[in-house]
Amino acid sequence: MKKILLFVLLFTTVICSYGQSFVFVFLNKKANSEGLPKDQLDKLMDGHMDNIKRLASENKLLAAGPFDGGGGIFIFNSTSKEQVKEWLETDPAVQAKRWDVEMFGYKPVIGSVCAVPEPITMTMYNFVRYEANITKYTISKTADGMKEHDDYIKKLALQGDVVTQGTFGPDEGGILVMKGELKKELVEDDPAVQKGFISSAFKSLYIAKGAFCEK
C-alpha cells in the first residue's frame, strides 16, 4: 500500500469538489492476513497500482493514501456504492481479498476532495475515524449529541490545524484530518466522545498535499 506514496493522482489540473458528495472506501488491514510468496505479492501490488492509476486517469478516483502500519483509503468521484463496487472489483489485490473493504457515502463539512496535479508532494496527516455508538439507551439523545460534536469541531477548526472533516451519515460516523502534532486530548474532549455517542480511533495517513483542497 505504501507504493501509493509514489503516486496519488495524475491529473494536469486541480479538480475541487466543494459541496459534492463522494464514496469513501477503507482498505482495512486484516488481523490474520494470509502470507504470500514475495513474487505473488509483488504481482498483486503492481496490478493494484496499475488499477489505481487507471481509475485516476479516468477521473473516477480522486484521492488515495496509505495508513502507517497498513491499509489505506480511497475517495471516489461518485455517489453510487454499486458503481464504486464495480470499480473496486477491477483491482487484483481487492479481488485477492488483501484487505477488509468498507464503503460509505461521504459528505465533506470542512474542506472537500481535490484531484492533485503533478508534481505531487506527499505529506502525513493525523487521521481520526469516528464511529457512532447508537443504542436503545442513547438513541433519544443522539441528535443533541451530534450537534455538540459538530459545534466542537467548528471551534477546533478555528485553531487552524483541521485539514478536513466530513460525515458518513448520522448513524455511521465520519472522519477528521488534522495537521501538526496530534493532541489526542483535543479529540477526546469532544462532548460526544465523552458521553459515548461516538468513539474515535487514530492513525497516520500519507496522502498528496492538497487532496482535501487545503493550501
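**Exercise 1. Place Arg129.**
Is Arg129 buried or exposed, and which residue is its salt-bridge partner?

*Solution.*
Step 1. Arg129 has a relative accessibility of 12%, so it counts as buried. The cut-off for buried is under 20%. This structure is a predicted model.
Step 2. Look for the partner. Arg129 forms a salt bridge with Glu102. Their closest N and O atoms are 2.8 Å apart.
Step 3. Check the partner's surroundings. Glu102 has a relative accessible area of 27%, which makes it partly exposed.
Step 4. Find both residues in the fold. Arg129 belongs to strand S7 and Glu102 to strand S5, so this bridge ties together parts 27 residues apart in sequence.

**Exercise 2. Trace Glu148.**
Which residue forms a salt bridge with Glu148, and which parts of the chain does the pair link?

*Solution.*
Step 1. The partner is Lys195. The closest N and O atoms of the two are 3.0 Å apart.
Step 2. Glu148 sits in helix H4, residues 142–157. Lys195 sits in the loop between helix H6 (191–194) and S10. The pair links distant parts of the chain, 47 residues apart.
Step 3. Glu148 is partly exposed, at 28% relative accessibility.

**Exercise 3. Build a network.**
Which residues are joined into one network by salt bridges that share partners?

*Solution.*
Step 1. Start with one pair. Arg54 forms a salt bridge with Glu58, with the closest N and O atoms 3.1 Å apart.
Step 2. Check exposure. Arg54 is partly exposed, with a relative accessible area of 31%. Glu58 is also partly exposed, at 37%.
Step 3. Add Lys60. Shared partners join Arg54, Glu58 and Lys60 into one network.
Step 4. Set this in context. The structure's salt bridges come to six.

**Exercise 4. Map the nonpolar cores.**
Which members of the largest nonpolar core touch the most other members, and which strands each supply at least two residues?

*Solution.*
Step 1. The largest core has 24 residues. Phe24, Phe26, Ile73, Phe127, Ile175, Ile207 and Phe212 touch the most other members.
Step 2. Turn to the strands. At least two residues of this core come from each of S2 (22–29), S3 (61–66), S4 (72–76), S5 (99–110), S7 (122–132), S8 (162–169), S9 (173–178) and S10 (198–208).
Step 3. Zoom in on Ile175. Beyond its neighbours within four places in sequence, Ile175 is in contact with Phe24, Phe26, Tyr106, Phe127, Val128, Tyr130, Gln165, Gly166 and Phe168.
Step 4. Look elsewhere. Another core, of 17 residues, lies apart from the largest one. Its members include Ala64, Trp87, Leu88 and Trp99.

How values were computed. Residues are numbered from 1 along each chain as its sequence is written. This is a predicted model: local features need pLDDT of at least 70, side-chain atom pairs count only at pLDDT 80 or more; totals for chains, interfaces and linings use all residues. Side-chain values use heavy atoms; hydrogens and water are left out. A nonpolar core is a set of buried Ala, Val, Leu, Ile, Met, Phe, Trp, Tyr and Cys residues joined through side-chain atoms within 4.5 Å. Buried means under 20% relative accessible area, exposed over 50%, partly exposed in between (1.4 Å probe, protein chains only). Helices (H or I, at least four residues) and strands (E, at least two) are DSSP runs, numbered from the N terminus. Contact means heavy atoms within 4.5 Å. A salt bridge is a side-chain nitrogen of Lys or Arg within 4 Å of a carboxyl oxygen of Asp or Glu.
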